[in-house]
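Student: Please take a close look at one part of this model for me. I would like the surface first, then whatever else helps to place it.

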Amino acid sequence: MQRHYYISDNLKDLERVEDELEALGIDHEQIHVLSNRDAEVGRYHLHDVSSFGKRDLLHPSLVGVGIGLALASAVILVAWLAGWTGTVAGWVPFIFLAVALFGFCTWEGSLFGLQTPSAVVRRFKPTLDAGKHVFFVDVKPAQETLLARVVSHHPLLRTAGTGQATPDWAESLQHRLHQWRKLI
């Protein structure tokens with residue numbers, strides 16, 4: 001899948017574009033609007049980027065997991081090599097310390113990620129600060145022509161490049177979750 005970015009300052013036009021794309025078979029979950037004015041985006045019933053989507057949670061959390069694994073392994077290895085596990089307490093305090101270090105590092109990594117804007121937000125920060133909106137669509141190769149046709153009828157959309165899209169499996173999971181919520 002490929003992600004296409006567009007910039008606009010007209011939410012009414014973005015609502016029309018989203019409706020047209022959905023009518024042509026592009027799923028609601030493939031279309032997003034990134035904006036600093038979330039309340040306005042909600043009034044137009046556009047699929048906005050969630051507050052978690054605006055944060056870089058995954059990468060710092062994975063770094064925390066890596067550091068936690070390294071520290072936990074070091075504690076277990078040092079305790080074993082030093083012979084400290086042969087005492088009355090045995091392995092228990094060292095395993096507990098290893099688990100605590102792993103958990104703490106993972107937690108700290110995710111807290112750091114909550115404070116870090118995502119790559120998309122960083123890329124379009126000047127645009128967002130200027131009060132404009134970033135409209136992006138994840139399309140499969142077969143949907144490229146549909147997107148191009150719809151975008152050509154909307155001169156208020158300014159092309160802002162392409163990027164890596166959400167993986168197919170994640171998109172499918174989001175679609176199923178959305179369908180399930182509609183049933184309830």
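**The nonpolar patch**

Tutor: Leu77, Trp80, Leu81, Trp91, Ile95 and Val99 make a nonpolar surface patch of about 650 Å². Keep in mind that this is a predicted model. Which helices supply the patch? At least two residues each come from α3 (58-82) and α4 (92-114). Helix α3 gives the most, with three residues.

Take Val99 as one of the patch members. Val99 sits in helix α4. Is Val99 buried or exposed? Its relative accessibility is 54%, so Val99 counts as exposed. The cut-off for exposed is over 50%.

Now the sheet, for the wider setting. Four strands form an open sheet, and their pairing is antiparallel. The order is β2-β3-β1-β4. At the edges lie β2 (31-34) and β4 (158-164), each of which pairs on one side only. On average, neighbouring strands of this sheet are turned by 25 degrees against each other, direction ignored.

Look at the β1 and β4 pair. Strand β1 covers residues 2-8 and runs antiparallel to β4. Six bridges join β1 to β4. Tyr6 stands opposite Thr159, which is in β4. Helix α1 (residues 11-23) packs on the sheet. Helix α1 touches β1, β2 and β3 (133-139). The direction of α1 makes about 10 degrees with that of β3.

To return to the patch: α3 and α4 each supply at least two of its residues, and Val99 of α4 is exposed at 54% relative accessibility.

Terms used: Residues are numbered from 1 along each chain as its sequence is written. This is a predicted model: local features need pLDDT of at least 70, side-chain atom pairs count only at pLDDT 80 or more; totals for chains, interfaces and linings use all residues. Side-chain values use heavy atoms; hydrogens and water are left out. Two strands pair if DSSP finds at least two bridges between them. Axes are lines fitted to C-alpha atoms, for helices over the stretch in contact, and angles run from 0 to 180 degrees between N-to-C directions. Contact means heavy atoms within 4.5 Å. Patches are made of residues with over 30% relative accessible area and no salt bridge: like charges are joined within 9 Å, nonpolar side chains (Val, Leu, Ile, Met, Phe, Trp, Tyr) within 5 Å. Accessible areas come from the Shrake-Rupley method with a 1.4 Å probe; for residues, only the protein chains shown count as cover. A salt bridge is a side-chain nitrogen of Lys or Arg within 4 Å of a carboxyl oxygen of Asp or Glu. Buried means under 20% relative accessible area, exposed over 50%, partly exposed in between (1.4 Å probe, protein chains only).
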